[in-house]
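Biologist: Can you walk me through this model? I'm new to this, so keep it plain.

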Amino acid sequence: MHLLLFNIIDQIRSLGWNGAFNLLRDGVVLGSLYSLVALGYTMVYGILKLLNFAHGDVFMVGAFIGYGVLAQLGGPLAPALGLAPLLLVMFAVAMLGSGVLGVVIERFAYRPLRDAPRIAPLISALGVVFFLESSVQLITNSTHSEYSNFPVFGPLFTPMFSVAGNPVTVVQVLVVLTAIGLMVALMFLVYRTKLGKAMRATSFDREAASMMGIDTDRVISATFFIGSVLAGAAGVMYGLYLSDTYFFVGFLYGLKAFTAAVVGGIGSIPGAMLGGVLVGVVESYAGGYAGGQWKDIVVFGILILFLLVRPTGLLGGKAIQKV
Amino acid sequence: MSETPGIPAPPEEPPTEQASRIGVDSWVAESEGRRSRTPAALLARGWESSPDALKLLAFVAIASSVPFWMNEGDLFIFGLFTLLYAALGLGLNVVVGFAGLLDLGYVAFYGIGAYAYAELSSSQYGIHWPAEATIPIAMAAAALVGVVLGFASRRLLGDYLAIVTLFLGQAFVFFTNVANPTIAGKGFTGGANGIPQLDPLTFFGYQLTSTKQLYFFLLIVVTLLATALYFANQSRTGRAWRALREDPLAAEVMSIPVNRLKILAFVFGAAVAGLCGAIYAAIETAAVSTNFSVSVLIIIYAIVILGGFGSIAGVFVGAIVINCTFEFLEPQNDHPEVKRWLFYGTIVLLIALMKPWLKPVLVLAGTIGFGFVVHAIVAATTDASWTSGVPVSGGRWIGHWAVIPTGTHANFDNYVYIGLVVAIVCTASLKGWWRTAALVPTLYLTALAWENVLALNGGITAFVLFGAMLIGLMATRPQGLLGTARVEIV
């Protein structure tokens, strides 16, 4: 054990300040992806008190829809469009497709179980996870789909600017800016529109909201749609940034995004954003200093720690169970 | 109904079945079921009124006849593994079915049992203890981890518990596969290769090596387990577990020691899983961490949920159905004609259960006709490579009915599969005769998907089916096949 500690100190020394900055940069980029997925968890949890296990797989399906669009448009070697329109089409189709998928999942797996015992929707969610993962495995023949390393995406990996000699590539800026843009749009939607008001009312008290004339079923569908759209966007960005997409990726990323939602305080939208970036940065440092195989364990260690010590997360309110 | 202004219309009467379910005692709610005279109801009543000991005896009698008419290979995959899964399901049933705790780390206990056996009865460290010593240690090791998990999660509610236990499963795979600490000059868990060459099960000098011996040993284990769990369920603890499952808060208010019961349930489940793990390791003569992944978890869950939460007999039914489905779908299993009969037979049976009787007749006739029409159109408009494929599961006439292309046809199989999923979603959203009409193309697409994709990738298909089954069961019959329906008492 102390051998590992020495290794970590050695690693910190040898990487120096530049290494630390690079890890921070990678962590923030990764963290913005987690934030987007965590928003879906946190919104659904806020409104239904339901842990939507399947959300990580919606993210995975989003990545594959993006890849499918790429393949339909002539493949990564000879795409029919330029880079910017290609990205736009990929994002649009993947976001729409994931959104519809989210609504369908809600309609068939969760809506019939609105008043069932709490364990029923969890098992249904487990079923959705396996259905989606195995379906994608069937369709892709268990192969890995590589987005990048193709000439068309070349410009994405050129440095855009550098901070003290450390390059920041276009794709990293793209990911962070898109994530911020989507989150601002979400904040606007939730706090400034009528639908957002209905969502907040429903998450506060579903029964009372429905008595006030809010069609809660529609609000819940809309919540799933919005959360899944964000996950779909995150999926495409994941593909662009980390390239390697395969059917099992949703499981791990879903768990980490869920960790982000818990760290930020489940049910809290700003909390999910904060938690996502924190988890991304911690994972990046753990991977850089202690070795790649440790990063997952460190992230889940944080999850357990938070669940045991501060289950309400950093920004979540106290939950008091009333009878 | 004419509306009088000022006076709101009376609320519509809910359908009678629903009306009798909410707000009344379960005994009254089920009174209609008790009086019905259909064969299914009579069978169900006969099943319920026969004593439990008799059921177990009948099961043991039938199960012990199996080795005498089944060949060795089939006995291994169908007999032995059904019993093993039944034992695993019994353990999970304690945690999920009796106590209502969603434990997604159950496979980790299974793995701990296997690795415990592997450390103590193999040439890994040169320790060759007999099974009568190793199996209790394996059970104790798993139970100990169960206690730790139980303590850690005594404050966690349903969903959080699920996540933490899921993490335990991941941590176990990480520990055995990646961490693999070096102890006494050797990788403790053998990394990705696991620990090979374990000793066969040896009890007091008597070795169990042949499939038949193992089968009877497992049969005894399963019978004892079922009996023990039956009495545990009848006991004060069992009743307290059920109270905990129905409403933890109310149970706590009734001064039931909720935390102690949760830990007890975890320990029970973990010990059973540890026992199964040790036996499994001995059967496979190796402990490899990939055998304790989430896919095994879904199989065990499918068994418990199909059989019905908290139902011991249900676990046996679930284990038989799920294990046999899984093994028939496995590609290395060469029973193509059985596979075909099972697939088409199940579909026809499900259709035949529709009411009124005219619907299934119309749907089946429509599907057969639809298939021939589509096949004729495709054959007439495209070249021969589109229709010249041979059905994977045999059956010559299917080749003239289903469109099966040969060679590469630009993702035809993927389009069929996605089309099938979309068709099922659309069919389920329609109502009445529209739904019946939509069934025709959906069924044909199902057959196409089966012949073109599903039958070729049996192992994956099994998980698609299990996932779909969990969703479908939760939506339509959450109590499973043999579980008791819960009645909402307001």
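Modeller: We'll take one core, then a few single residues.
Modeller: This is a predicted model, so local features need pLDDT of at least 70 and side-chain atom pairs pLDDT 80 or more, while totals for chains, interfaces and linings use all residues. Residues are numbered from 1 along each chain as its sequence is written, with chains lettered from A and ligands numbered from 1 in the order in which they are written.

Biologist: Which residues touch the most other members of the largest nonpolar core?
Modeller: Leu84(B), Ala87(B), Ala142(B) and Ala265(B), out of 234 residues. A nonpolar core is a set of buried Ala, Val, Leu, Ile, Met, Phe, Trp, Tyr and Cys residues joined through C-beta atoms within 7 Å. Buried means 20 or more other C-beta atoms within 10 Å of a residue's own, exposed means 12 or fewer, and partly exposed is in between; C-beta atoms are placed from the backbone.

Biologist: Which helix gives the largest share?
Modeller: Helix H13 (residues 258-284) of chain B, with 18 residues. Helices (H or I, at least four residues) and strands (E, at least two) are DSSP runs, numbered from the N terminus.

Biologist: New topic. Is Ser255(B) buried or exposed?
Modeller: Exposed, because 7 other C-beta atoms lie within 10 Å. Ser255(B) sits in the loop between helix H12 (248-253) and H13 of chain B. Its phi is positive, about 65 degrees, although Ser255(B) is not a glycine.

Biologist: And where is Thr285(B)?
Modeller: In the loop between H13 and strand S6 (286-287) of chain B. Thr285(B) counts as partly exposed, because it has 14 C-beta neighbours inside 10 Å.
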